[in-house]
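Let's take a walk through this protein together, moving from a single side chain out to the packing around it. Have the sequence and the 3D view ready.

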Amino acid sequence: MLYANATFAVDGDMINLYAKLFALIITVSISLLLPCSSFPGELGTDFMIDLWKYRTGEADTGLLTGRPSQKLPESPPIITVTVTGTIDCLQALPLHANDVIEVQLLDFSSRSSAAVIAYQKITSARNIPIPFKLTYDPARINPTHHYTVQARIMRNGEAAYCNTSPAFVVTHGYARNVSVLVEESANWHASRTDPDSSLLLSSAHARTYIGTYTRSFIGAGGKVEETLQVLRNNSVELLSRYSKGIVKQTGVWSMEKNLLAVTVTHNNGEPVNPERIVFELKGDGLAAVEYDRAAHGLHFSFNRVSVREPLQQH
C-alpha cells in the first residue's frame, strides 16, 4: 500500500512537471506569434535589440532594426575660398560685344611656367570696371609661394588688353581683394598699325625716355651707385651697387601722358610688393615726381649717360 502511494506521488509530480513544461512552451509560442511592440518594418524586437546591446556593449547600429539610434557621421563639407576684385584701365576702354575677359589666379613662384590655381571666364561685361570672383581650394596654396591675378581682355581671339604688373594676393600679407589695372597690349596695337612701328616708339615722348641713367649718393652703409635702364621692350632694370654687393630690381614701364610710370616687380629675381615710381624729364635726366620718399629720400633723380639704345638685359 505504501509502495502504491509512493508510486502515485511520483507519477503526480511528473505530471505536474510535464504540465508546467507544456504551459511554458505554449506561453513562449504565443509570445512569438502575437504582434510585438516593434515598429512596422523592423527586423528585430526590443528584446533582441537589448540582447544585442548587452552582448556587444555598443549602441544600436541599425543592424537589426534598419534604423540606427545614432546618426552616422556626415562627410566633411568642401571648403573653398575666393579672391575678388575689379579689372580697370587708366584710359578709356570701350568693350565690344564679343569681348571675352579671362581672369586667372596663378602660382607666381614657378621657375618654368605659372600654375593656374583658379580661372574665370566673363562674357557679359560691357563696362569698366569689371568685377571678378575666383574660387579655389585653399589646400592648393603654399604659404611660401607668391600668387598673382592675371587679367586679359580677349578680342577676336587675341589678348587686346592685359596687366603687365603683377597683382599679388593671398600670401605674404596680401589681401584676397585686388584691383587689376590692364593696358593695351603692344602686340595688339602693332597688329592694327604699321608693322614697322610699335606702340612705344610711335610716341615721341616714349623715345626720349629710352636710355641709361645713373646716380650716386651716400647711404647708411656708405656710397651707393645706381644705374637705371629704360629698355625698348617695356621693361626697366635698376642696379644698386653697395659696398657689400649688388641689388638688381626689375619691372615694367608705360607712358602716362608725358610721364614715365615705372612699376618695380622683382628684387634679385624674387617677386616683391609692386612699387610705383613716376618720372619726368628734367634737363638731361630723370626726376621722380611720385615715389616713396621714405625709401629713396627727398631727391630721387638720375642723369642720362647715353642717348643710344641701352644693351639688352642679360
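In which strand is Arg155 found? Arg155 is found in strand 5. Keep in mind as you look that this is a predicted model. Is Arg155 buried or exposed? Its relative accessible area is 7%, and because buried means under 20%, Arg155 counts as buried. The side chain of Arg155 also has a partner: a polar contact of 3.5 Å joins it to the side chain of His96.

Strand 5 (147–155) also takes us into the largest nonpolar core, as one of the strands that supply at least two residues each. This core has 29 residues, and Leu105, Phe132 and Val149 have the most contacts inside it. Other contributors of at least two residues include strand 1 (81–89), strand 2 (100–107) and strand 8 (177–184). Try centring your view on Phe132: leaving aside residues up to four places away in sequence, Phe132 touches a list of residues that includes Val83, Ile87, Val103, Ile122, Val149, Val178 and Val180. A second, separate core has 19 residues, among them Tyr213, Val236, Leu260 and Phe302.

Now for the empty space. The structure holds one cavity of 30 Å³ or more, and the largest cavity contains about 80 Å³ of space. Its lining is made of 13 residues, with Leu228, Leu238, Val262, Val264 and Ile277 nearest the centre. Strand 11 (235–242), strand 12 (245–256), strand 13 (259–267) and strand 14 (270–282) are the elements that each give two or more residues to this lining. Sorted by class, the lining has nine nonpolar residues, three polar and one charged.

Conventions:
Residues numbered from 1 in each chain as written. Predicted model: local features only at pLDDT ≥ 70, side-chain atom pairs only at ≥ 80, totals over all residues. Heavy atoms only, no water. Core = buried A, V, L, I, M, F, W, Y, C linked by side-chain atoms within 4.5 Å. Buried < 20%, exposed > 50% of the residue type's maximum accessible area, 1.4 Å probe, protein only. Helix = DSSP H or I, 4+ residues; strand = E, 2+ residues; numbered from the N terminus. Contact = heavy atoms within 4.5 Å. 1 Å grid on protein atoms, 1.4 Å probe; cavity = no way out; pocket = protein on both sides within 12 Å on 5 of 7 lines; lining within 4 Å. Points joined across faces, edges and corners; volume = space filled by probe spheres on them. Nonpolar A, V, L, I, M, F, W, Y, C, P; charged D, E, K, R; others polar. Polar contact = N/O pair within 3.5 Å; in protein donor to acceptor, adjacent residues only side chain to side chain.
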